[in-house]
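The following exercises are to be worked with the sequence and the coordinates at hand. Each task is followed by a solution in steps.

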Amino acid sequence: MYLTGTQRLTTDRLVLRRLTVDDAQQMYDNWASDPEVTTFLTWPTHSSVDVSRSVVGSWVESYDDPGTFNWGIELIEDGILIGQTSVVETKLSVGLVNVGYVIGRRWWGKGYCTEALIAVMDYLFSVAQANKVEASHDPANVASQRVMEKAGLVTEGLRRASCLSGSTIRDQLYHGILASEWKLHQRGSTSEHSAQQRSTI
């Protein structure tokens, strides 16, 4: 696996880009200050924009490290920063990366998280040459499970009492996909898209 860093990615509706300190206010306003958004996350709700500014500042400094994969999720339509996604754990010896993501509540249910995750996974497999991408969620977080499944990850198993969320120890349900499986998944998606196009002619 190659440490290729955080490169700019684009999808039909999104730009995935490096964050800047100027993004702190949007981070705070759009997701980090919302306790409903942070319910299942490993970090607490931000109490002020100063907390967001400190967090973003540390991320900006980390971009000098090519092992940092950390994107802000921005809407192409209006330039609003709606969330963030990153590699939260890397095991270079086996080419394994664990991806996390968060998106503001106003943009839930619109497919943005799945779209961002697919773009990140494609980059990690095709550019960084990862061997496996995995992600995990609290079993009660059904919406996150749907995101992972729609992106092509398959359920692998439950790891009990393995994650600290606030002061609560929670179970985590793991999902993953191998590079070889991703190639097949992408070919299948392309074939399905072509068939849909033919059916509309």
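**Exercise 1. The surroundings of N98**

In this predicted model, a polar contact of 3.2 Å joins the side chains of N98 and E134. Task: determine where N98 is found, whether N98 is buried or exposed, and which residues N98 is in contact with, leaving aside neighbours within four places in sequence.

Solution.
- Step 1. Assign the residue to an element: N98 is part of strand β5.
- Step 2. Apply the cut-off for burial, which is under 20% relative accessible area. N98 has a relative accessible area of 6%, and therefore counts as buried.
- Step 3. List the contacts. Once neighbours within four places in sequence are set aside, N98 touches S86, V87, V88, E89, E134, A135, S136 and Y174.
- Step 4. Place the residue in its strand: β5 covers residues 96-103, and seven of its eight residues are buried.

**Exercise 2. The partners of β5**

Task: establish in which sense β5 pairs with β4 and with β6, parallel or antiparallel, and describe how the chain crosses from β5 to β6.

Solution.
- Step 1. Begin with β4, residues 81-91: eight bridges join this strand to β5, and the two run antiparallel. Within this pairing, K91 stands opposite L96.
- Step 2. Inspect the turn. The hairpin of β4 and β5 has four residues between the strands, and G95 takes a positive phi near 65° there.
- Step 3. Turn to β6, residues 132-137, which pairs with β5 in the parallel sense over three bridges. Here L96 stands opposite K132.
- Step 4. Follow the chain onward: from β5 the path leads through helix α3, residues 112-126, to β6, and this β-α-β crossover is right-handed.

**Exercise 3. Strand β2**

Task: state which residues of β2 point one way and which the other, and identify the bridge partners of V15 in β1 and in β3.

Solution.
- Step 1. Recall the general pattern: in a regular strand, side chains alternate between the two faces of the sheet.
- Step 2. Compare β2, residues 14-17: L14 and L16 point one way, V15 and R17 the other, and all are buried.
- Step 3. Examine β1, residues 9-10, which two bridges join to β2 in antiparallel fashion. V15 is the bridge partner of T10, and the hairpin linking β1 to β2 passes through three residues.
- Step 4. Examine β3, residues 70-75, which pairs with β2 in the antiparallel sense over four bridges. In β3, V15 has E74 as its bridge partner.

**Exercise 4. Aromatic pairs**

Task: how many aromatic pairs does a search of the whole structure find, and what is the geometry of the pair formed by W71 and Y123?

Solution.
- Step 1. The search finds four aromatic pairs.
- Step 2. W71 and Y123 lie 5.7 Å apart centre to centre, with 85° between the planes, and this pair is edge-to-face.
- Step 3. The pair links distant parts of the chain, with W71 in β3 and Y123 in α3, 52 residues apart. Both residues are buried, and together with F69 they form one aromatic cluster.

**Exercise 5. Confidence**

Task: what pLDDT does the protein average, and which stretch has a pLDDT below 50?

Solution.
- Step 1. The average pLDDT is 92, and 93% of the residues score at least 70.
- Step 2. Residues 193-201 have a pLDDT below 50, and the stretch makes zero contacts in the model beyond near neighbours in sequence.
- Step 3. Where pLDDT is low, predicted coordinates should not be read in detail.

Methods
Residues numbered from 1 in each chain as written. Predicted model: local features only at pLDDT ≥ 70, side-chain atom pairs only at ≥ 80, totals over all residues. Heavy atoms only, no water. Buried < 20%, exposed > 50% of the residue type's maximum accessible area, 1.4 Å probe, protein only. Pairing = 2+ DSSP bridges. Right-handed = clockwise from strand over helix to strand, strands pointing away. pLDDT = per-residue confidence, 0-100. Contact = heavy atoms within 4.5 Å. Polar contact = N/O pair within 3.5 Å; in protein donor to acceptor, adjacent residues only side chain to side chain. Phe/Tyr/Trp six-rings, centres within 6.5 Å; stacked < 30°, edge-to-face > 60°.
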